[in-house]
Amino acid sequence: RTGTQLWISDPADYPWGIYGFSGVIAYGKLYAINFDGSVHVFDLETGVQEFKYYSGDAGIETPYGHWPFYWGPIVADEVVFAGVGEHSPTQPLYRGAKLHAFDAFNGDPVWSISGWYAPQALVDGYLLASNAEDNRMYVFGKGPSATTVAAPKVAITLGDSLIIEGT
């Protein structure tokens, strides 16, 4: 309300790293993506970095040595969604880019999917994302997910057939 500086973050370790390139505030935290391959999570009250989520080592697959975050983040239902990419990629697009979903409170991975996905919106538990690899829109959402397996509860002789059923 007053414009008084509350805190300042530590400088980025990576030479091309920039905080706040794109970020969002949720749950009393700032989630800021970075070209250093991480989503940095800062406490809004203290400015202390609580944790960071790392996209992984890319070796020589990218010019950075890791996969830079460029798209998102979007936060909902205690999950952060952020996509790997960059502002001016060369063709063909480098391999290994993913859309990442991780826990908003501790950075534990929830899921990831390969592709140059840019999360666009999240409504009613459905994430809308465009994919630069095929120029299509995708919708990700929680669906019915269960595994059932049934097998005979008897010993079988070596060489006999056995049917395992399930969905």
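**Exercise 1. Determine which residues the ring pairs link into a cluster, and examine one pair of this cluster.**

Step 1. Ring pairs join Phe 81, Trp 111, Tyr 117, Tyr 138 and Phe 140 into a cluster. Rings of Phe, Tyr and Trp (its six-membered ring) pair if their centres lie within 6.5 Å; planes under 30 degrees apart count as stacked, over 60 as edge-to-face and the rest as tilted. The model is predicted: local features need pLDDT of at least 70, side-chain atom pairs count only at pLDDT 80 or more, and totals for chains, interfaces and linings use all residues. Residues are numbered from 1 along each chain as its sequence is written, and side-chain values use heavy atoms, with hydrogens and water left out.

Step 2. Consider the burial of two members. Tyr 117 is buried at 5% relative accessibility, and Phe 140 is buried at 17%. Here, buried means under 20% relative accessible area, exposed over 50%, and partly exposed in between (1.4 Å probe, protein chains only).

Step 3. Classify the pair. Tyr 117 and Phe 140 are edge-to-face, with 5.4 Å from centre to centre and 80° between the planes. Tyr 117 belongs to strand β9 and Phe 140 to strand β11 (residues 136–141), 23 residues apart. Strands (E, at least two residues) are DSSP runs, numbered from the N terminus.

**Exercise 2. State how many aromatic pairs the whole structure has, and classify the pair of Tyr 94 and Trp 116.**

Step 1. The search of the whole structure gives 13 aromatic pairs.

Step 2. The ring centres of Tyr 94 and Trp 116 are 4.8 Å apart and their planes stand at 55°, so this pair is tilted.

Step 3. Tyr 94 is in the loop between β6 and β7, whereas Trp 116 is in the loop between β8 (109–114) and β9 (117–123), so the pair ties together parts 22 residues apart in sequence.

Step 4. Both positions are buried: Tyr 94 has a relative accessible area of 9%, and Trp 116 has 3%.

**Exercise 3. Find the salt bridges and locate their partners.**

Step 1. Side chains of opposite charge can pair when their charged atoms come close. A salt bridge is a side-chain nitrogen of Lys or Arg within 4 Å of a carboxyl oxygen of Asp or Glu. The structure contains 2 salt bridges.

Step 2. One joins Glu 50 to Lys 29 at 3.1 Å, N to O. Glu 50 is in strand β4 (residues 49–54) and Lys 29 in strand β2 (residues 29–33), 21 residues apart. Glu 50 is partly exposed at 36%, while Lys 29 is buried at 9%.

Step 3. Glu 61 and Arg 95 also form a salt bridge, their closest N and O atoms being 2.8 Å apart. Glu 61 lies in the loop between β4 and β5 (69–76) and Arg 95 in the loop between β6 (79–84) and β7 (98–103), so the pair ties together parts 34 residues apart in sequence. Glu 61 is partly exposed at 27%, but Arg 95 is exposed at 60%.

**Exercise 4. Describe the largest nonpolar core.**

Step 1. A nonpolar core is a set of buried Ala, Val, Leu, Ile, Met, Phe, Trp, Tyr and Cys residues joined through side-chain atoms within 4.5 Å. The largest has 20 residues, and Tyr 31, Val 75 and Phe 102 are among those with the most contacts inside it.

Step 2. Two or more residues each come from β2, β3 (38–43), β4, β5 and β6. The largest share, 3 residues, is from β6.

Terms used: Helices (H or I, at least four residues) and strands (E, at least two) are DSSP runs, numbered from the N terminus.
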